[in-house]
Amino acid sequence: MATMRVLELRIHGIANSPPTDMLCTTQEFVERNQGDDEGSFWRIKAKDSGAATSKSGGAEIVTEAYSWGSQARSGGKALAVVGRAFVHVGWLLVLPFGLCNLAYWARRDIKGADEDATWWAGGAGAIPVRIFALLQTLFYTVGLLTVFVHLIGLQCFQTDASRGRVACAALPAGLDAVSSWNPTARAALFSIVPILVILLIYAIGLRTRNTFQLDRSFDPVPKRAARRREPVEEARPDTDPPRPALLSSDGFWRRVRVANTTARAHFAGAIALTMILLAADAVSDAYPSSDLIGVVTSIVLDGVDSGVAVALGVLLIGILLLGAVFALTAAARLTDAVWSLASKGTWSAALLAIAIAGYALWVVWSLVNRELSLQSLDSELRGLIVAPTLIAAGAALIAVASLAWGYRWRHIGMWVLLPLALASGIVSLVLPRDGADGGLRVVLSWSALGFVLLAISLGVIGFRDPQVRAARRVSGWRGNGATVTLLLALLSSLMITSVLVLGAYSWLTADTDAPDVKDGWRVIEQQGVAGETAGGTGAAVIAPPEFHQRFAGLLLILLIVAILITGAGVLSALRKSPALSLPGPRIPVFADGAVVDPDERLGGVSRLTAHRSEARPEHSAKPDPTKPQVVRAKDYPSAESSTNARLRAVADARQVAGLLHRGEPLLLLLAILTAVALVPLAIPYFGESLQESAANFWGPLNVVSAWVLGLLGVAAVAWVVTNAVTSTERPLGLVWDVICYFPRAGHPFAPPCYGERAVSEVSKRVREWMDAEGDNGRVILSAHSMGATIAVGSIMELAGEKTASGSPLVDRVALLTHGVQLRPYFSRFFPEVFGPRVLGIRGTRGPSLFGADAWKHQVIDDTKHPDAALQKPNDPKSVVQILGGDFSDPKHPVAPRWRSLWRRTDYLGFPVMGFWSNETATGNENPIDRGATERSPRSYLWAVARHSDYLSTRQYREARDELIAMLKTSVPGGSWRREIALRLRVIRRR
């Protein structure tokens, strides 16, 4: 019988390891087998090393390395240093959009296919997430308008009582000519810059979407598969079951969920909002002494002149356009049976064309009439005081509503409470602070807060269904991943826009040493008629934007509280050494009474716990040196004071890793503090009361907070620019790779999804190998860290396919993961995509912020034998089942073709099945996880192994050999006639 040929395809993680590291060699011995600069497969040169293949268990192994990192870092590597720096800063600016996109995939209820032939919305919360995304775009628009219109266009050109016409000294003298224009014309002129910035973001999103569109650049679908339709937004494949696992649904990586229709709607919405703010301010300028009701009364009773009529027309067009944009964003989920994709695209293009035409009309009219004198001397765009408050309130209410997504009666309650809160907040916002309506304003403000608190209580109140409680226990943030992600997206939007606005304010108000500059103002030589420009007869002063200044103060308080709580968690974790107070992964230390590898004792439970009285073996009263020790749940080991230097190095590494494992509770803390800070931001009455009650404290707080926010902004930009100068890496490491893995489904301007290509490219390589090798072909996907998500996605994509001989293709595939986050991060944060029922494993509790071991409760739970089946009968086929495993009988589990290595010193690596590693308290073997040595095998001097250094360990080779042995028996052998027929088919295909 022919020799089995195994393709060991190694996939790197977030570190973007080069092919040389993955192949454990140097550059001169590797060559690219296929691919391009974005995604490529590499091998060792056979002619140089003579070792392009290796032998194991009678099988011939061909090792390849798949490099995908450039796809997550695209956009700047071919540019010069300065160009890369700008690209990296741009990546930082779209981070909130990426977090919004993550919220779409963090929901509890995501449907993989239509359940209604006429309506498709993507599950509970899909439409609100897209509305939230639109609010994010509008929030950015408001922030840019605040800088270029509110601060530069209006407040930087005033008339000082003692010096005449003045301008901000920070501005170039070439702009002094616009000081003679009326505020409406200057606002129209400077509003062009924000529109151009949004246009740039729109163009970048369009370009990256086309780059990763598979039908144009890369087609992974084999010829034997049925032809698929062109991708449409959330189109339903007719062959999908009602609720498949998302990753295994047909065309998951090819289905366009947010396309040009939504992107055009966002751009049109930004233009429409700009029109509304500019035109509304022009109308109010004509009636400077009246409030909103007075303006409407004057228009109805007295009529309007031609200028006000134009402003009213543009205002009406803008309102209608913005309403249509919100409606189109929500209705874009209608299937072709109700509203065709072509029709939706036409309507979005029409809305964008009308918006551009209306905005151009307003700008031209304003510039033509720039010399007209207006009654108003106001130097502020009043709409920019109200707009950020309204947008932040709307986004915050969507985050609160996400607490009830997937729970029917709670969701209905949200529909009652949150609209009442929004209506109360809007009315309280427009009412004056003083006078007869002041009392009503206070009542409405408290009513809005009360409705919000009731809604939050409705979302977090206890659940009676035990299955729901169990599912929430093993889901991130108790099943509220979408809520936390939305709040963090809103926080990042607030921080970025506030840094922009307050940074611009500090720059414009800075003084210089020039002789004609005083207090940051430069006297303009040409003099105009007093009253033409804003400022009146008083001293020229630039007022800081109230909303952003208030947020800066709240942010400082937020950071102080977060630092104090985090510090308490760090101190509790440092009370004792984790290496000597918790069980680690068991490594086979003794064989026939002899030590196999003295260094590998450092990773074993026996070396760290054997001589402690409270850590006794389960089945014997006296320790047996030939058997690994097992720590019982009730005997969770305590600290030990004395140890040798190498164990102390392991202890320190475990301690650092344990600190970094506490990210989930820290993100929850940030989300809660953000929600608290949104109360005085979204309901101005509470913000005003806070400032008045702490008047002596608030002034210095604003000064300090402005410095802190500025330093945070400078540090972030400096970090990103430095990273761009020194490499072509992406910002924020793991966060960026997680964001870019998921398809764009929430925000059309989110970073591009590398998963659309990487997953399909790995699947294509597996098909090619199987086609070339026939029945003798096997594949081991060896994935490190984030590479495991690519490998799992490929396995799920290949699940329904057949080989040329008619057998299931995945029966010839095995999975070897190391240093992965599938169980504690991805299965918890994205339960519908990588949840326990998808992976086929037991769920896990989240880490605790306090305590020496963040995972102590889960470690204890994992030592207990499971008392129920892991897979429900009606669940879709899991990864474990696809790879031949069966955990339906917990007492006799069938191990899948999946092995995973981990170590306690790995700050990003965790077990897949459980912390008991190779054994439980009852002696049952862990079917998936294997412990890896905590000593770096590739370093010359002794060093601790952390997130890397798995490929060279003896445990890796043993796990691979174990999988090869399983692959030999995974597919029954065929007759010699079938083998000859298969060979002929392969020859013809070639």
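Student: Which residue of strand 13 stands opposite S782?

Tutor: In this predicted model, strand 12 (residues 777-784) is joined to strand 13 (residues 813-818) by six bridges, and the two run parallel. Within strand 13, the residue that stands opposite S782 is L816.

Student: How many bridges pair strand 1 with strand 12?

Tutor: Strand 1 covers residues 5-11 and pairs with strand 12 in the parallel sense. One position in this pairing places L7 opposite V779 of strand 12. The number of bridges between strand 1 and strand 12 is seven.

Student: How many of the eight residues of strand 12 are buried?

Tutor: In a regular strand the side chains alternate between the two faces of the sheet. On one side of strand 12, G777, V779, L781 and A783 are buried, and on the other side R778, I780, S782 and H784 are buried too, which leaves both faces covered. Strand 12 is therefore largely enclosed by the rest of the structure, the number of its buried residues being eight of the eight.

Student: Which residues have the most contacts inside the largest nonpolar core?

Tutor: The largest nonpolar core has 207 residues, and its largest share, 18 residues, comes from helix 6 (residues 126-155). Apart from this core lies another one, of 16 residues, which includes M4, A932, L963 and I964. Inside the largest core, the residues with the most contacts are W105, Y741, L781, F830 and F834.

Student: Which residues does F834 touch, leaving aside those up to four places away in sequence?

Tutor: F834 is among the residues with the most contacts inside the largest nonpolar core, and ring pairs also link F834 into a cluster together with W68, Y104, W105, F252, W253, Y741, F742, Y754, F826 and F830. Once residues up to four places away in sequence are set aside, F834 touches L247, Y741, F742, T789, V792, L822, F826, S827 and L839.

Student: Is the aromatic pair of F826 and F830 stacked, tilted or edge-to-face?

Tutor: The count of aromatic pairs comes to 30, and in the pair formed by F826 and F830 the ring centres lie 6.1 Å apart. F826 counts as buried because its relative accessibility is 3%, and F830 counts as buried because its relative accessibility is 5%. Since planes under 30 degrees apart count as stacked and those over 60 as edge-to-face, the 35 degrees between the planes of F826 and F830 make this pair tilted.

Student: At what distance from the ring centre of F463 does R410 lie?

Tutor: Two arginines may be described in turn, beginning with R257, which lies over the face of F252 at 4.7 Å from the ring centre. R410 lies over the face of F463, and its distance from that ring centre is 3.8 Å.

Student: Which strands stand at the edges of the open sheet of four strands?

Tutor: This open sheet has the strand order 6-7-9-8, with antiparallel pairing. Strand 6 is joined to strand 7 (residues 164-168) by four bridges, and T159 stands opposite R165 in strand 7. Each edge strand has a single partner strand, so one side of each is left without a neighbour in the sheet; the two concerned are strand 6 (157-160) and strand 8 (517-518).

Student: At about what angle does helix 6 run to strand 6?

Tutor: Helix 6, which covers residues 126-155, lies across both strand 6 and strand 9 (521-523). With respect to strand 6, the helix runs at about 40 degrees.

Student: Which residues does A169 touch, not counting those up to four places away in sequence?

Tutor: A169 has its place in the loop between strand 7 and helix 7 (183-190), and it is buried because its relative accessible area is 17%, where buried means under 20%. The C-alpha atoms of A169 and A514 are separated by 8.9 Å, although these residues are 345 residues apart along the chain. Not counting residues up to four places away in sequence, A169 touches V517, G520, W521 and R522.

Student: Which residue of strand 3 is the bridge partner of R32?

Tutor: A hairpin joins strand 2 to strand 3 through four residues, and strand 2 (residues 30-35) pairs with strand 3 in the antiparallel sense over five bridges. Four of the five residues of strand 3 (residues 40-44) are buried, so this strand is largely enclosed by the rest of the structure. In strand 3, the bridge partner of R32 is W42.

Note on methods:
Residues numbered from 1 in each chain as written. Predicted model: local features only at pLDDT ≥ 70, side-chain atom pairs only at ≥ 80, totals over all residues. Heavy atoms only, no water. Core = buried A, V, L, I, M, F, W, Y, C linked by side-chain atoms within 4.5 Å. Buried < 20%, exposed > 50% of the residue type's maximum accessible area, 1.4 Å probe, protein only. Contact = heavy atoms within 4.5 Å. Phe/Tyr/Trp six-rings, centres within 6.5 Å; stacked < 30°, edge-to-face > 60°. Lys NZ or Arg CZ within 6 Å of the ring centre and 35° of its normal. Pairing = 2+ DSSP bridges. Axes fitted to C-alpha atoms, helices over the stretch in contact; angles between N-to-C directions.
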